[in-house]
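User: I'm new to this structure and would like a close look at a single part. Pick one, walk me through it slowly, and then show me what sits around it.

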Amino acid sequence: MQASESSGSALRRLLFTRQIAVEIAKNLAMGSDTIRDWRLRRPRTTISDADPAKDIVERYGLALPRKMLAMLGSLEGKAVAEIGPGDTLAAGFAMLAAGASRYTCLDRFPGDYGSAYAKGFYRGVKAAWPQAFPDRPWPQWLDPDRFPEAYPDRVNVVKVGVEATAGSQSVAADHDVVCSYAVGEHVQDVKAFARTSFEVLRPGGVALHVVDFSQHFDWSRWGDAFLYLSISDRVWKWMGSNRGLPNRVRFHEFLAALESTGFVVETHGRRLADSPPAPQRLLPRFRAMPLDSVRTLDATFVCRRPGA
Ligand SMILES: C[S@@+](CC[C@H](N)C(=O)[O-])C[C@H]1O[C@@H](n2cnc3c(N)ncnc32)[C@H](O)[C@@H]1O
């Protein structure tokens, strides 16, 4: 019995080591310019024109503006910036439909926002709009088939990461709102993310960041939702340096980075994993952190820049 248990756990270790080797190989491949260009041209989310795939439109187009409207009130006449929109500008398109006066996006790995693929999302947002926001009529001027190229005075695309914008004054500090969805956990430098958020806002402006602190890999077969916090920093870097794996910054560190800029921060909808991580499986630095911070799965940060 004991022999079969120990051979079972040796097999698990072997399989997990193989999994890590596969992830390292994928990261190495992304270090090649050719493979990286090819990968970045392939969208990371899928939608087909024939099927507006409503839940995908909800997730990528409507969820963020819906949260902004619920938590910040009206977007009417507001200048909005989004960090890390992803493959399309579907959320920004919806923010304009909800009344935002203009939209700036910043992304280190921008998608092809005017592609047929992206326009499928914009059409999906327009199709889903009457049911999603029955009290907000669609603005006549906003056409998914001509977005974003027909609206240069309303859409500003900045193709650099927050590490380059922080402290550079390259993006005007005249936005009323800055937002992001599932981005903070991917940036290389969380302090630069916080600083850029603060700097693109006018005094009195507000930031809303939804951060996903969870594992990101589907590693459910290993039965440990915190397995990624047991991998050494060096191996984690080998696995993700070329492809934006999560930075593993924990909740309290993220909060401290936002507060260090001068933001007054509230957190909402913070979810903790049902079972806490087993301390002996965590890297020592995670073991030394507040347990509730380590086990946070996601949270929304609403940050006010003082001085209206
Ligand atoms: C997981 S995707 C999230 C995309 C989208 N916001 C969503 O709701 O799914 C992370 C996005 O952040 C962008 N990103 C990663 N690092 C960044 C950085 N340092 N500065 C700006 N954007 C970054 C990526 O290119 C990608 O578009």
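Analyst: Helices (H or I, at least four residues) and strands (E, at least two) are DSSP runs, numbered from the N terminus. Residues are numbered from 1 along each chain as its sequence is written. What you have here is a predicted model, where local features need pLDDT of at least 70, side-chain atom pairs count only at pLDDT 80 or more, and totals for chains, interfaces and linings use all residues.

How far can we trust it? The mean pLDDT of the protein (the predictor's confidence in each residue, from 0 to 100) is 91, with 93% of the residues at 70 or more. Residues 47-52 are a spot to watch, since their pLDDT is below 50; beyond near neighbours in sequence, that stretch has 13 contacts in the model (a contact means two C-beta atoms, placed from the backbone, within 7 Å). Where pLDDT is low, the predicted coordinates should not be read in detail.

Now to the part I've picked, the sheet. It is an open sheet of seven strands with mixed pairing, in the order 3-2-1-4-5-7-6. Two strands count as paired if DSSP finds at least two bridges between them. At the edges sit strand 3 (155-158) and strand 6 (264-272), each of which pairs on one side only.

Let's go to strand 4, which covers residues 175-181. Six of its seven residues are buried, so strand 4 is largely enclosed by the rest of the structure. Buried means that 20 or more other C-beta atoms lie within 10 Å of a residue's own, exposed means 12 or fewer, and partly exposed is in between, with C-beta atoms placed from the backbone.

On one side, strand 4 runs parallel to strand 1, and three bridges join them. Look for Glu 82 there: its bridge partner is Cys 179 in strand 4. Strand 4 also runs parallel to strand 5, this time with six bridges. In that pairing Ser 180 has His 209 of strand 5 as its bridge partner. In a regular strand the side chains alternate between the two faces of the sheet.

Further along, the pairing sense switches. Strand 7 (residues 296-304) and strand 6 pair in the antiparallel sense, over seven bridges. To find your place there, use His 268, which stands opposite Thr 300 in strand 7.

Go back to strand 4 and follow the chain onward. The loop between strand 4 and helix 7 holds Ala 182, whose phi is near 60°, a positive value in a residue other than glycine. Ala 182 counts as partly exposed because it has 19 C-beta neighbours inside 10 Å.

Then comes helix 7 (residues 190-199), where seven of the 10 residues are buried, so this helix is largely enclosed by the rest of the structure too. Phe 193, Ala 194, Arg 195, Thr 196, Ser 197, Phe 198 and Glu 199 are the buried ones. What do they pack against? Among their partners are strand 1 (79-83), strand 4, strand 5 (201-212) and strand 7 from the sheet, along with helix 6 (162-165) and helix 9 (251-260).

The loop between helix 8 (233-240) and helix 9 brings in Arg 248. Arg 248 also has a positive phi, of about 65°, although it is not a glycine. It is buried, with 20 other C-beta atoms within 10 Å.

One more stop before the edge of the sheet: the loop between helix 5 (116-132) and strand 3. Pro 148 is found in that loop, and the peptide bond from Phe 147 to Pro 148 is cis, with omega near 0°.

Helix 5 itself gives you two residues to compare. Val 125 lies in helix 5 and is buried, with 27 other C-beta atoms within 10 Å. Leaving out residues up to four places away in sequence, Val 125 touches Val 57, Gly 61, Leu 62, Ala 90, Phe 93 and Ala 94. Take Ala 90: it is 35 residues from Val 125 in sequence, yet their C-alpha atoms are 7.1 Å apart. Ala 132 is in helix 5 as well, but this residue counts as partly exposed, with 18 C-beta neighbours inside 10 Å. Its C-alpha atom is 8.9 Å from that of Arg 66, which is 66 residues away along the chain.
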